[in-house]
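User: Please explain the terms used for the following structure and the values behind them.

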Amino acid sequence: MTAPDPLDIALGMPKAELHLHIEGTLEPDLAFSLARRNGIALPYPDEAALRAAYAFDSLQSFLDLYYACADVLRTREDFYDLVLAYLKRAAADKVIHVEIFFDPQTHTARGIPFTTVLEGLEDGLAEGRARYGISGRLILCFLRHLSEDECLACLDEAEPWLDRIHGFGLDSSEKGHPPSKFARLFARCRALGKPVVAHAGEEGPPDYITEALDLLGAVRIDHGVRATDDPAVLARLARDGIPLTVCPLSNTRLCVFEKMSDHSLPRLLAAGAKVTLNSDDPAYFGGYLNANLRAVQEAFRFDTPTWYRLARNSFEASFATDAEKAGWIARLDAYFKSKQAASG
Ligand code: HPA
Ligand code: ZN
């Protein structure tokens, strides 16, 4: 019998997604239908014109469009629809657990109540669990282009809802907004007993990864792909088993790497870093999780054990309970065993 194709195995394997901005799952068709439902105009005449604007040359060029499109999200039902549309696609890619970032400041700044956002997202997660069996958690992300005081005010608003918020993160424009700007904010997050993650080393230098670890207490680094620019930072990540949530299509679409074959992913893996693969803002970057796996495989031709390691990392690096992780890893092992048996 012929050996199964590693890509087919990877596409079908159960996996977790740990770096996913829910606002970045807003597809043009949903954006226009929500705009119509809410009686608002997008700054583009139609879906094709909007899609044509997805030609980014930097993180900021993407963020400008991402925040503009988020304006169509107004009601609890809008956030519910957004989550369910994402979970349907995630289920098709065999995602069984997702940790979803949301940016409350993007919405509260427009007068949308924090509770509208949170309850809509929660409604979507509950329905997604019922329909697709996907487990989901929410991670509140602070916008780093804003001041620390504005972020502290957002944390004040979130405090009554801490039982619904699993952790805290840091996103938006990285360059010029180092983690050190938010040391007080994240000290408060940690004091609340929540895990902290941070985008670092996407466009910013490896020093920002060190700051995220040392000054914010981050236990997982979002992106971190520029760690390869500093061997000491990379060695530390590997030694300490700090997970990296790598988003390959995002990095090529935002010109962090010119092309996929330039991506640092193989160097991160070779150094022993605990890498996971994720889709970041899939509506804007050319595809959901399995599209990222396809693009990676086209460039790097990973073998089956590497794909197993990446899926296993996604569960191990999650914020689920030990019992949940053990159950998912048992499912993963059973899946790989069945593939081996099938290939004789
Ligand atoms: N980087 C920083 N902020 C973001 C991103 C990203 O890739 N996506 C949404 N907000
Ligand atoms: Zn991100």
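**Contacts and enclosure of the ligand**

Analyst: In this predicted model, a polar side-chain atom of aspartate 280 lies 2.7 Å from an oxygen atom of ligand 1. Residues are numbered from 1 along each chain as written, and chains are lettered from A and ligands numbered from 1 in written order. Local features need pLDDT of at least 70, side-chain atom pairs count only at pLDDT 80 or more, totals for chains, interfaces and linings use all residues, and side-chain values use heavy atoms, without hydrogens and water.

User: Why is the pair formed by aspartate 280 and ligand 1 called a polar contact?

Analyst: A polar contact is a pair of N or O atoms within 3.5 Å; the aspartate 280 pair, at 2.7 Å, therefore qualifies. A polar backbone atom of serine 172 is 2.8 Å from a nitrogen atom of ligand 1, and a polar side-chain atom of histidine 21 lies 3.3 Å from a nitrogen atom of ligand 1.

User: Which residues surround ligand 1?

Analyst: Among them are Leu59, Phe62, His199 and Glu202; a residue is near a molecule if one of its heavy atoms lies within 4 Å of it.

User: What makes the protein chain as compact as a globular protein of its length?

Analyst: The radius of gyration, taken over C-alpha atoms, is 19 Å, close to the 20 Å that the globule rule (2.2 Å times the number of residues to the power 0.38) gives for 344 residues, so the chain is as compact as a globular protein of that length.

Terms used: A polar contact is a pair of N or O atoms within 3.5 Å; within protein, one must be able to donate a hydrogen and the other to accept it, and residues adjacent in sequence count only if both atoms are side-chain atoms.
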